[in-house]
Amino acid sequence: MLISCAMLTTASRSRLRSAALAALKAQVDVPPFELVVVTDDDDPVTARDLANAIGHSAIKVLVYKRTVWSSLSEKRNVACGFAHGDWITFWDDDDWSSPLRLQRVADTIITACEGVDLIGVQRVLWHELTTPTRHTVEYTAPVPGYVVGGTLTFRAQLLKPHPFEDVAGDEGWWTLKRCEEGAKLASVWFPYVAMIHGNNALN
């Protein structure tokens, strides 16, 4: 089993990205994984930079750059297209994940065998970086069985006939559609902090 961590990023978010990479570096008891980064041509980051940042010499790091992107969904589909993993997880460049994230996702995959197609968490912390008080609030998905998009892991084969579409909240919309078609969704628990900073992809 190989898990592909897909990161969509830009040069302007390099400061935020460093914290997300540190969280990836801190993963413990990790399954085999790779990092696939899709960014813009003006982003100076290289695969070697990223490999050094996460410190896992055995994993593969892929970087794809383009001058113009039509949408976030296009970036998402390109990242997934370069992924080699049986499973893909979105590793947001502006959020923090627990060191247990990949371990717990892998445990869920192994335990459920064929009984799960999508995995995520239902409860996250939103941390506001743009206010003097650095306000933090807890958010729980309003309906049982829903998961928070930034924590989504899914079978790569689900994407081939159904790429992400250019709609607001494309991750959530895509997940709902797959579940309506019979895909099995599992929730798992690991601490996750979503950062609100004024340059979020979705308000």
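**Briefing: salt bridges, burial and a loop residue**

Asp 29 is exposed, with a relative accessible area of 64%, and this value, like every other in this briefing, is computed from a predicted model. The residue belongs to the loop that runs between helix H1 (14–25) and strand E2 (33–40). Elsewhere, a search of the whole structure turns up six salt bridges, among them a pair formed by Arg 17 and Asp 43, whereas the count of disulfides comes to zero.

**The loop residue Asp 29**

- The backbone of Asp 29 has a phi near 50°, which is a positive value in a residue other than glycine.
- Because its relative accessible area of 64% lies over the 50% cut-off, Asp 29 is classed as exposed.

**Arg 17 and its surroundings**

- Arg 17 is placed in helix H1, and with a relative accessible area of 6% this arginine is buried.
- Apart from its neighbours within four places in sequence, Arg 17 is in contact with Met 7, Thr 9, Thr 10, Asp 43, Val 45 and Asp 93.
- One of these contacts, Asp 43, also meets Arg 17 in a salt bridge between the two side chains, with a distance of 2.7 Å from N to O.
- That pair links distant parts of the chain, since Arg 17 sits in helix H1 while Asp 43 sits in the loop between E2 and helix H2 (47–54), with their positions 26 residues apart in sequence.
- The partner Asp 43 is buried as well, at a relative accessible area of 2%, so both values, 6% for Arg 17 and 2% for Asp 43, fall under the 20% cut-off for burial.

**Two further salt bridges**

- Lys 75 and Asp 40 form a salt bridge in which the closest N and O atoms are 3.3 Å apart.
- Because Lys 75 lies in helix H3 (residues 72–82) and Asp 40 in strand E2, this pair ties together parts of the chain that are 35 residues apart in sequence.
- Lys 75 counts as buried at 8% relative accessibility, and Asp 40 likewise counts as buried at 18%, a value that is still under the 20% cut-off.
- Glu 181 and Arg 178 form another salt bridge, with 2.9 Å between the closest N and O atoms.
- How exposed or buried are the two partners, Glu 181 and Arg 178? Glu 181 is partly exposed, with a relative accessible area of 49%, whereas Arg 178 counts as buried at 6% relative accessibility.
- As general background to these pairs, side chains of opposite charge can pair when their charged atoms come close.

**Cysteines**

- The number of disulfides in this predicted model is zero, so no pair of cysteine sulfur atoms lies within 2.5 Å.
- Cys 5 is buried, with a relative accessible area of 0%, and Cys 80 is also buried, with a relative accessible area of 7%.

**Ala 194 and a distant partner in sequence**

- Ala 194 is placed in strand E11 (residues 192–196) and, with a relative accessible area of 5%, is buried.
- Although Ala 194 and Asp 95 are 99 residues apart in sequence, their C-alpha atoms are 4.8 Å apart in space.

Key:
Residues numbered from 1 in each chain as written. Predicted model: local features only at pLDDT ≥ 70, side-chain atom pairs only at ≥ 80, totals over all residues. Heavy atoms only, no water. Helix = DSSP H or I, 4+ residues; strand = E, 2+ residues; numbered from the N terminus. Buried < 20%, exposed > 50% of the residue type's maximum accessible area, 1.4 Å probe, protein only. Salt bridge = Lys/Arg side-chain N within 4 Å of Asp/Glu carboxyl O. Contact = heavy atoms within 4.5 Å.
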